[in-house]
Amino acid sequence: MKTTSQQRNRQEHRKARRFDRGIAVKLLAYLDSHGQAFFSSLGRLLRMPFTSLMAIAVLAIAIALAGGFYIIVANMQQLTGSLESSNQISLFLKSNVSQQQGRTLADKLAARADIRRVKLISKQQALEEFKKYSGFGDALKALQQNPLPHVIQVLPENILFETPEIKQLLEELQQLPEVDFAQMDMQWVKRLQAIMQLARRGVMLLSFLLGLAVLFITGNTIRLELQSRRDEVVIAKLVGATHAFIQRPFLYSGFWYGFFAGVIAWLVVLCMVLLLEQPVERIASLYDGYFQVLFFGVGETLLLLLISAVLGVLGAWLVLNYQLRQLQPQ
Amino acid sequence: MLRFDHVCKRYPDAGDALMDVSFHLGYGEMAFLTGHSGAGKSTLLKLIAVIERCTRGQLFFDGQNLNRAGERQIPFIRRKLGLIFQDYKLLNDRTIFDNVALPLIVAGYSPQEIPRRVRAALDKVGLLGQEKKFPLLLSGGEQQRVGIARAVVHKPAMILADEPTGNLDPELSLEIMRLFEQFKQVGVTVLIASHDIDLITQMGYRTLRLDHGRLAAD
Ligand SMILES: Nc1ncnc2c1ncn2[C@@H]1O[C@H](COP(=O)(O)OP(=O)(O)O)[C@@H](O)[C@H]1O
Ligand SMILES: [Mg+2]
């Protein structure tokens, strides 16, 4: 009794093991067919370098256009972000406030944690500057009294664009008894911001269109590849190949097209950045700013390659889904 | 194995190719399908391989109603079949080995098993040792034997051959037919379309004769 149950146990065990091995073999064969499709599609690509190079070059140009505009906008954004004066606040003091009182106020403000720097411009200084730069020097001489107020320029600690804290600071300063009115030099920054937003939108739209172009170009390339291998496809269907099996190598082809185009596009944008680096840095130094030309970071590089490859696969998939059904044995 | 029940096939632009065809083929049976050119022989074979679908009637293969087989099942039906064509349908840019291995690769056989089975199939058709050659280096009879090796390499339940000897001289044709006979002897069902009446009578198996799409004699 005991022995038979042991035997049965052992038998079941053996059966289970055989079953496991069956699955393992199937899985291996499946992975092997993927590996084969992966490398054979690469091999085919390398074996017809002219056609594949042409296709990849066109794809790379499209991707480089999108990537290049992205980099340009990123750099412009950095440039506008580096303009410190963006959040500068000017406090016009009341006319009865003396210069001494102005200085005291300026020192008090400078001690605040949310203020980075202050600068007092006395009414005499202001008048001098005005005379020098406005061209109204003679007319102003006729004035018996200096009509200008003392001004304190305040640069907040937070130099980011329009945060609620800045607005609050502005209101607080406006409430000070010495202050006639407080003004933020933000108009042009806002305008610049709006332009940047437009540029970002533009890049998005452009990237979308170029992405579609990549999709269609890969699709068409794969269509041609499919046409040149139609005998193979038909015979594979006749011996019982599934749709998935037949489309696999073509999907990998699409992957390679997208991937290589992405790599080349990355190199193209790199060349562009290197060429532009010097002139841009010269401009930056003119504006007295520290500015380093931006390029794709690691994450952005991976994303670029991923998007390129996915578009390649997707373009192939769209065409295959339609064309493979058309391609029936006769 | 195979049952036709009042099967009709009409091509949209060419009219009826098969009309009210009914017959039954048992497991391990061997039969010839004959008739004049345009009688519907190829069409009948295509219905079995689900290359075409019948417009009326019922068609059973290995217990399965082929009318009800969806697109996804077609590959698996074809894996039970070995198809042989008049024009061999070999891939001329692939070696003999790769050609014969195709049904195994498609069905996901393991890489260890493929060479063994390919060699066994080539051995059966007398082409062992030619694996590395390309099809166009072989004679017509040899190419057809490669086609047969490809059709049997995955041990199908049924062989369908459409004019397998149409391009071969009588002596080679007989050799090929003897080859089919060997497969029948190991239990494979065989259906061969041919209009070579002499050859068919010489072989002496069951013969289905089509005439303008109708089954005229069994
Ligand atoms: N794909 C097709 N489209 C339209 N008509 C066809 C097609 N295949 C065959 N036919 C027609 O069907 C009839 C039977 O053809 P077929 O089955 O090839 O005959 P066989 O093989 O006996 O010579 C013929 O009249 C032929 O013109
Ligand atoms: Mg025919």
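**Close-up views of a predicted two-chain model**

**View 1. Two domains of chain A, set well apart in numbers.** The C-alpha centres of domain 1 and domain 2 of chain A are 53 Å apart. Domain 1 covers 34-81 + 192-326 and domain 2 covers 89-184, with bounds taken from an automatic or database domain assignment. This is a predicted model, where local features need pLDDT of at least 70, side-chain atom pairs count only at pLDDT 80 or more, and totals for chains, interfaces and linings use all residues. Residues are numbered from 1 along each chain as its sequence is written, while chains are lettered from A and ligands numbered from 1 in the order in which they are written.

**View 2. Helix α10 of chain A.** Helices here are DSSP runs of H or I with at least four residues, strands are E runs of at least two, and both are numbered from the N terminus. Helix α10(A) runs over residues 298-326, and its end C-alpha atoms sit 42 Å apart, in agreement with the 42 Å expected for 29 residues at 1.5 Å a residue (1.5 Å times one less than the number of residues). Even so, α10(A) has a kink of about 35° centred on A:L320; the bend is the angle between axes fitted to the seven residues ending there and the seven starting there. A:L320 is also one of the buried residues of α10(A), which include A:L304, A:L311 and A:V319. Buried calls for 20 or more other C-beta atoms within 10 Å of the residue's own, exposed for 12 or fewer, and partly exposed is in between, with C-beta atoms placed from the backbone.

**View 3. The shell around ligand 1.** Which residues surround ligand 1? They are B:Y11, B:D13, B:A14, B:A17, B:G35, B:S37, B:G38, B:A39, B:G40, B:K41, B:S42 and B:T43, counted when the C-beta atom, placed from the backbone, lies within 6 Å. Helix α1 (residues 41-48) of chain B gives the most, three residues. By class, the shell has four nonpolar, six polar and two charged residues.

**View 4. Two positive phi angles in chain B.** Neither residue is a glycine: B:E163 has a phi of about 45° and B:H212 one of about 50°. B:E163 is in the loop between β7 (158-162) and α6 (170-185), and counts as buried because it has 20 C-beta neighbours inside 10 Å. B:H212 lies in the loop between β9 (206-211) and β10 (214-217); with 14 other C-beta atoms within 10 Å, B:H212 is partly exposed.

Methods:
Ala, Val, Leu, Ile, Met, Phe, Trp, Tyr, Cys and Pro count as nonpolar, Asp, Glu, Lys and Arg as charged, and the others, Gly among them, as polar.
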